[in-house]
Amino acid sequence: MHDAAETQARAARPIRFDDSVRQPMPPERFDSLSQEILALKRKLNAVILAHNYQVPEIQDVADFVGDSLGLAQQAAKTEASVIVFCGVHFMAETAKILNPKKTVILPDRDAGCSLEESCPAAKLKALQDTNPNFWTIAYINCSAEVKALADVIVTSGNAVKIVNAAPKDRDLLFVPDENLGAWVMEQTKRPMTLWKGNCYVHVEWTHAALTRIRQKYPNAPIVAHPECPKAVRMLADEVCSTEKMVAYCRQSPAREIVIATEAGMLHRLEKECPGKIFIPAPTDKCACNECRFMKMNTLEKLHDCMLNLSPQVELPAALLERARLPIERMLEISARPVDNAG
Ligand code: SF4
């Protein structure tokens, strides 16, 4: 049994990052920095968008916290002059592609992604050249250059809908996440050629580790992200994007729920589903479940990037234009009613 004190203790638990232990920011430091960030936000007419995997203090000062789809939708409709993007580099690029005339800044330019790295544009182009009938579906976790080579972009929240809407006479090529691609194939029954890339965080979960946590918490449903390997997805009670995890956990009658995705998600779930206990799914190697790229952003770096309006995302005009088409196609298909998506 868990009580309120235990929930509180969990919320205050130290968060592991690499070999060091990252402690929550002292409240007085958080208060002064967040006040300065709010003042800068007013001065710049800025909006702060933060991914679900960001550190808790960044999530707490953001105007919007969400998954890649939600963040792209927010970026597409914002009237702010400056977009402050707290996530990894390809996400800030996506915001710039959707808002070429706006200033887009990010706390750390070096915040990359193993999926993005796995798919260089030149290698993708070489594969595309082997089959002119390919229809290229790119997971949003890729560079602007790869987006520019794609026919449509997907996120984990809309991939099934978008693959269902893909032209029936084309050969589908899915890049760069082989696990998400395999899960989408299972859902849609559309065969696809899969790029051999993966998220280095989500492939750490194994069947054995999930089986152990299931034995420890037999009544807790397991919720996993589709970037997890098939052996893990098969054990999960629900496989979904981080945004859909919030809805699933809110409506679930279970008090304890095991979560197999990046650790930043626990903060959002604890805020949005009070009274529930979220158990981070263990891995065989690392106990932190953290993405080292996502965790490069800190509240201090967020403050500094707003103060200095740097680093900014800059992309050539032709690339911006070409990469915008598949993202806009995604947003359009995503907004269609379900029975009209095909
Ligand atoms: S969690 Fe995985 S997919 Fe997301 S940014 Fe980190 S490496 Fe990339």
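**Exercise 1. Burial of helix H5**

Task: In this predicted model, decide which residues of H5 are buried and how far the helix is enclosed by the rest of the structure.

Solution. Step 1: A residue counts as buried if 20 or more other C-beta atoms lie within 10 Å of its own. Step 2: In H5, the residues that are buried are His-89, Phe-90, Met-91, Ala-92, Glu-93, Thr-94, Ala-95, Lys-96, Ile-97 and Leu-98. Step 3: That is 10 of the 10 residues of H5, so the helix is largely enclosed by the rest of the structure.

**Exercise 2. The largest nonpolar core**

Task: Find which residues touch the most other members of the largest nonpolar core, and which element gives the core its largest share.

Solution. Step 1: The core holds 101 residues, of which Val-84, Ile-137 and Ala-260 touch the most other members. Step 2: Helix H5 (residues 89-98) supplies the largest share of this core, 6 residues. Step 3: Take Ile-137; apart from residues up to four places away in sequence, its contacts include Ala-150, Val-152, Ile-162 and Phe-174. Step 4: As background, nonpolar side chains tend to be buried together in soluble globular proteins.

**Exercise 3. Phe-85: buried or exposed?**

Task: Classify Phe-85 and list its contacts beyond four places in sequence.

Solution. Step 1: Phe-85 sits in strand E5 (residues 82-86). Step 2: Phe-85 has 27 other C-beta atoms within 10 Å, so it is buried. Step 3: Leaving out neighbours within four places, Phe-85 contacts Leu-49, Met-91, Ala-92, Ala-95, Val-104 and Leu-106. Step 4: Met-91, Ala-92 and Ala-95 are among the buried residues of H5.

**Exercise 4. Two positive phi values**

Task: Locate Asn-45 and Lys-189, and classify the exposure of Asn-45 and of Lys-189.

Solution. Step 1: Asn-45, not a glycine, has a positive phi near 50 degrees; it lies in the loop between helix H2 (27-44) and strand E3 (46-51). Step 2: Asn-45 has 10 C-beta neighbours inside 10 Å, so it counts as exposed. Step 3: Lys-189, also not a glycine, has a positive phi of about 65 degrees and lies in the loop between H10 and strand E10 (192-194). Step 4: With 8 other C-beta atoms within 10 Å, Lys-189 is exposed.

**Exercise 5. A crossover**

Task: Describe how strands E13 and E14 pair and how the chain crosses from E13 to E14.

Solution. Step 1: E13 (residues 256-260) and E14 (residues 277-280) pair in the parallel sense over 4 bridges. Step 2: Ile-257 has Phe-278 in E14 as its bridge partner. Step 3: The chain passes from E13 through helix H14 (residues 264-272) to E14, a right-handed β-α-β crossover.

Note on methods: Residues numbered from 1 in each chain as written. Predicted model: local features only at pLDDT ≥ 70, side-chain atom pairs only at ≥ 80, totals over all residues. Pairing = 2+ DSSP bridges. Helix = DSSP H or I, 4+ residues; strand = E, 2+ residues; numbered from the N terminus. Right-handed = clockwise from strand over helix to strand, strands pointing away. Core = buried A, V, L, I, M, F, W, Y, C linked by C-beta atoms within 7 Å. Buried ≥ 20, exposed ≤ 12 C-beta atoms within 10 Å, placed from the backbone. Contact = placed C-beta atoms within 7 Å.
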